[in-house]
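Visitor: I'm new to protein structures and would love a tour of this one. Could we take it step by step?

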Amino acid sequence: MAQHGGQPVAPYPYPGYGDASQAPPPGFNMGYNPGAPPVMYQPGPAPHQGPEYGGPPGGIAPAPVGAPAAVPVGVPPGLEYLTQIDQILIHQKVELLEAIIGFETNNQYEIKNSLGQKIYHAKEKNDCCTRNCCGSLRSFDMKIKDNMDREVIRLIRPFRCVSCWCPCCLQEMEVQAPPGTTVGYIKQDWHPFLPKFSIQGPNKETVMKLEGPCFACNCCGDVNFELKGLDGDKPIGRISKQWSGLLKEVFTDTDNFGIQFPLDLDVKMKAVLMGACFLIDFMFFEKVGEANQRSSVFS
């Protein structure tokens, strides 16, 4: 980190990231802690980023590969980087076959930090019949790998009912980190008109709540699912479906999400919140063929 007059200079030239003299931009950066320690490494080599995500070339160099000297106890391998960040961006990759002829393919995502550097990538795994017959309700396994192609998280979604009138078979997802070790679950809570979820630990004990709007319709604006603790109604984070522009929203099935959580949140729960983001994407924003996306718990 550069020094100026005996004082450390923040490494990020963007407002709201590492510069204590500038407040975070409104909206997604709710509750960002400018005094948090800077990110010093990434779990793998980050590819060159263009102006869209990484700013001007040479503005920010990827940090060295490898883990810090002291890794917190109990952190699953490959998730050390999550201990240093409080925001994640998830970008669904465009599938040309799906965009052109409407044939449903396995969803793929890039998971990035707040500067647009890729830190993980995810790919859905299931069969052709399941994808095209069960639509957005389909069961799947999703593998999340780091930049060295090591699988660090696995998401398991069983087939479940879509209607809020059937509370005995609501949506859920299991999160494993590393694969084979369950660290938590996301379980849909019954509610007549609001999308609500419980964020649970490995023993299915509820540790946080997630609540979305009555109509999760991404029409010219972001859709926010607020993350709340068990001891109050004050939001401690959120999952946001971000508006991608009219052409992308209408003609493609690509979605952009942002996840914000407390910096000191258990890294395993950060992984569970990533799973919650993917579940929300499939439940409310996944379009199959000519079928419209769902906008509420009724449809």
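Guide: Sure! One term before we start: two strands count as paired if DSSP finds at least two bridges between them. Keep in mind, too, that this is a predicted model.

Visitor: In E11, which residue is the bridge partner of Phe197?
Guide: Strand E10 covers residues 196-200, and strand E11 covers residues 206-211. These two pair in the antiparallel sense over five bridges. Across from Phe197, the partner in E11 is Leu210.

Visitor: And on the E9 side, which residue in E10 stands opposite Ile186?
Guide: Strand E9 runs over residues 182-189, and it pairs with E10 in the antiparallel sense over five bridges. The two strands make a hairpin, with six residues between them. Opposite Ile186 in E10 you'll find Ile199.

Visitor: How many of the residues in strand E10 are buried?
Guide: Here a cut-off helps: buried means under 20% relative accessible area. Strand E10 has five residues and is mostly covered. The buried count is four.

Visitor: Which residue in the turn between E10 and E11 has a positive phi?
Guide: E10 and E11 form a hairpin with five residues between them. The residue you want lies in that loop and is partly exposed, with a relative accessible area of 48%. Its phi is near 65°, a positive value in a residue other than glycine. That residue is Lys204.

Visitor: What is the phi of Asp149, roughly?
Guide: Look in the loop between strand E6 (140-146) and E7, where Asp149 is found. Asp149 counts as partly exposed because its relative accessibility is 48%. Asp149 is not a glycine, yet its phi is positive, at about 65°.

Visitor: Let's zoom out. How many strands close into a barrel?
Guide: The barrel order starts at E3 and goes E3-E4-E5-E6-E7-E8-E9-E10-E11-E12-E13-E14, with antiparallel pairing. Neighbouring strands of this sheet are turned against each other by 20° on average, direction ignored. The number of strands in the barrel is twelve.

Visitor: Which residue in E8 is the bridge partner of Ile156?
Guide: Start with strand E7 (residues 151-157) and strand E8 (residues 172-176). They pair in the antiparallel sense over three bridges. In E8, the partner of Ile156 is Glu174.

Visitor: Which residue does a cis peptide bond join to Ala177?
Guide: Omega is about -5° for this bond. The residue joined to Ala177 is found in the loop between E8 and E9. It is Pro178.

Visitor: How far apart in space are Val75 and Pro178, C-alpha to C-alpha?
Guide: Val75 sits in the loop between helix H1 (51-54) and strand E3 (87-92). Val75 counts as buried because its relative accessibility is 15%, and the cut-off for buried is under 20%. Along the sequence, Val75 and Pro178 are 103 residues apart, but in space the separation is 9.9 Å.

Visitor: Is Glu211 buried or partly exposed?
Guide: Glu211 lies in strand E11. Beyond residues up to four places away in sequence, Glu211 touches several others, including Leu194, Pro195 and Lys196. With a relative accessible area of 26%, Glu211 is partly exposed.

Visitor: Last one: how many disulfides does a search of the whole structure find?
Guide: A disulfide is a covalent bond between the sulfur atoms of two cysteines. Cysteines here include Cys214, partly exposed at 29% relative accessibility, and Cys277, buried at 1%. The search of the whole structure gives a disulfide count of zero.

Key
Residues are numbered from 1 along each chain as its sequence is written. This is a predicted model: local features need pLDDT of at least 70, side-chain atom pairs count only at pLDDT 80 or more; totals for chains, interfaces and linings use all residues. Side-chain values use heavy atoms; hydrogens and water are left out. Buried means under 20% relative accessible area, exposed over 50%, partly exposed in between (1.4 Å probe, protein chains only). Contact means heavy atoms within 4.5 Å. A disulfide is a pair of cysteine sulfur atoms within 2.5 Å. Axes are lines fitted to C-alpha atoms, for helices over the stretch in contact, and angles run from 0 to 180 degrees between N-to-C directions.
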